[in-house]
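Me: Could you take a close look at one part of this model for me, the first helix of the first chain, and then walk me through what surrounds it? Keep it relaxed, but stick to what the coordinates show.

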Amino acid sequence: MLATAIIVFREVIEAALIVAIVLGASRGIAGRGRWVSAGIGLGLAGAAVVAAFADVITGAFQGNGQAYLNAGVLLAAVCMLAWHNIWMSSHGRELAAEVKSVGHDVKSGSKPLTALMVITFVAVMREGSEVVLFLWALGTSGSAGSMVLGGLLGAAAGVAVGTLMYRGLLSIPLRHFFSVTGWMVLLIAAGLAAQAASFLNQAGLLPALGSNLWDTSHLLDQSGTAGKMLHTLIGYTARPSGIQLLFYVTTLAVILTLMRWVGKRHAAARAT
Amino acid sequence: MARRLALVSAALLGLTALAALADGPVQIDIKAQAFTPAEIHVPAGVKVELHIVNDDALPAEFESTDLSREIVVPAHGQVKVFIGPLDAGRYRFFNDFHQESEGWVVVDAAAGK
């Protein structure tokens, strides 16, 4: 049962960390709770569908269905994270000012609420479908008790860590708050882009551009719990390929450039 | 900066598009939640196609953090995964749904090196 709980915990924590950071980064945006909840609900439904149709998805696109689906939803999440950060680069200051009066909406610009929903949806669907498949396998092999208890325990522990993460974020002084969450969102986006790259490489669509650029697996095992968490948070990869690094760096550079550009334009517009 | 990056990546893409594909896929079976063979040998510097065949009635997830590979293998199903071109060394893979099952991709140094 404990083994089951640990596996479920490690999957749930990945989604929980992303949701916690998205909730932190969208602090003060009116209606975010509803949109993030919708993302979680859709994600759970999506997870069940993906798990139920695992055979069909696997067989699609000459056997590359899973890789394409993963790469597709990951890249969609990257775009949404980028959109959120770019939007924040022009509205972050006002948001920080208004954050004390919770529930006050920020007046200008189209709020990236859809972005929050899509990011949450993707995170929950990806990890959730693995949990569903894993638990279903356990249940059909005659350990239904272990499936239910371990699953619940693992999920609860994962959500607890996400909640701690969120609480921890809220303790950051408001002055630095949005720049911290902005960097976290940026690093998550770069990490997810690198993951998408390896899925496309797995399907044979993109070249590897070199293997083992470095090897830090003896320092921090990427398949351990800490390594896995860092993989989610900053895209930690113990033995990266060239294409992963290229996607990581390019994503960072593109989002940062757009953030700076939009932020400057906004500042100039306010000054005149 | 962006232009230089584009140039470099275009050059790299050109180079590795030429990466040779090893002859024929290498098959790994999952039987009673164990990988057979648990160790496969592949040459360095070539792209290799792996076929993972699941003989069990339970789904498995073929995962390797060393290779950044991750794919669900449905019960009684099979999947294909490309790996490489790799440098000589040992790369671990495991079943994420049954973590005691593991195996190794061993990349032998190219002959004459």
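Reply: Reading along the sequence, chain A runs α-α-α-α-α-α-α-α-α, which comes to 9 helices and 0 strands. Keep in mind throughout that this is a predicted model.

Now to the part you asked about. Helix 1 of chain A covers residues 2–25, so to speak a run of 24 residues by the DSSP assignment. From first C-alpha to last it reaches 33 Å, close to the 34 Å expected at 1.5 Å a residue. There is still a bend in helix 1 of chain A, about 25 degrees, and it sits at Ile13(A). As for its surroundings, 21 of the 24 residues of helix 1 of chain A are buried, so the helix is largely enclosed by the rest of the structure.

How does that sit within the chain as a whole? Of the 272 residues of chain A, 50% count as buried. The C-alpha atoms of chain A fill a box of roughly 70 × 40 × 35 Å along the principal axes. The radius of gyration of chain A is 19 Å, which agrees with the value near 19 Å that a compact globule of 272 residues would have. Contacts in chain A lean on distant parts of the sequence: among those with a separation of 6 or more, 83% join residues 24 or more positions apart.

Then there's the nonpolar interior. The largest nonpolar core has 109 residues, and those with the most contacts inside it are Ala77(A), Val78(A), Ile119(A), Ala189(A), Ala193(A) and Ala196(A). Helix 5 of chain A gives this core its largest share, 17 residues. Take Ala193(A) from that list: leaving out residues up to four places away in sequence, it touches Val78(A), Phe247(A), Tyr248(A) and Thr251(A).

Gly191(A) is worth a stop as well; you'll find it in helix 7 of chain A. With 25 other C-beta atoms within 10 Å, Gly191(A) is buried. Setting aside residues up to four places away in sequence, Gly191(A) touches His231(A), Ile234(A), Gly235(A) and Tyr248(A). For a sense of distance, the C-alpha atoms of Gly191(A) and Phe53(A) are separated by 27 Å, with their positions 138 residues apart along the chain.

Next, the partner chain. Chain B has 1 helix and 9 strands, in the order α-β-β-β-β-β-β-β-β-β. Of its 113 residues, 37% count as buried. In chain B, residues 24 or more positions apart make up 60% of the contacts with a separation of 6 or more.

Where the two chains meet, the contact takes 30 residues from chain A and 28 residues from chain B. On the chain A side, helix 3 (54–63), helix 5 (113–140), helix 7 (174–202) and helix 9 (242–271) each supply at least two residues. The residues on that side of chain A divide into 10 nonpolar, 17 polar and 3 charged.

For a view from the other side, try Leu58(B), in the loop between strand 4 (48–54) and strand 5 (60–64) of chain B. Leu58(B) counts as buried, with 22 C-beta neighbours inside 10 Å. Apart from its neighbours within four places in sequence, Leu58(B) is in contact with Ala137(A), Ser141(A) and Ala75(B). The C-alpha atoms of Leu58(B) and Ala38(B), 20 residues apart along the chain, are separated by 19 Å.

Conventions
Residues are numbered from 1 along each chain as its sequence is written. Chains are lettered from A and ligands numbered from 1 in the order in which they are written. This is a predicted model: local features need pLDDT of at least 70, side-chain atom pairs count only at pLDDT 80 or more; totals for chains, interfaces and linings use all residues. Helices (H or I, at least four residues) and strands (E, at least two) are DSSP runs, numbered from the N terminus. The expected span of a helix is 1.5 Å times one less than its number of residues. The bend at a residue is the angle between axes fitted to the seven residues ending there and the seven starting there. A residue is buried if 20 or more other C-beta atoms lie within 10 Å of its own, exposed if 12 or fewer, and partly exposed in between; C-beta atoms are placed from the backbone. Two residues are in contact if their C-beta atoms, placed from the backbone, lie within 7 Å. Ala, Val, Leu, Ile, Met, Phe, Trp, Tyr, Cys and Pro count as nonpolar, Asp, Glu, Lys and Arg as charged, and the others, Gly among them, as polar. A nonpolar core is a set of buried Ala, Val, Leu, Ile, Met, Phe, Trp, Tyr and Cys residues joined through C-beta atoms within 7 Å. The radius of gyration is taken over C-alpha atoms; the globule rule is 2.2 Å times the number of residues to the power 0.38.
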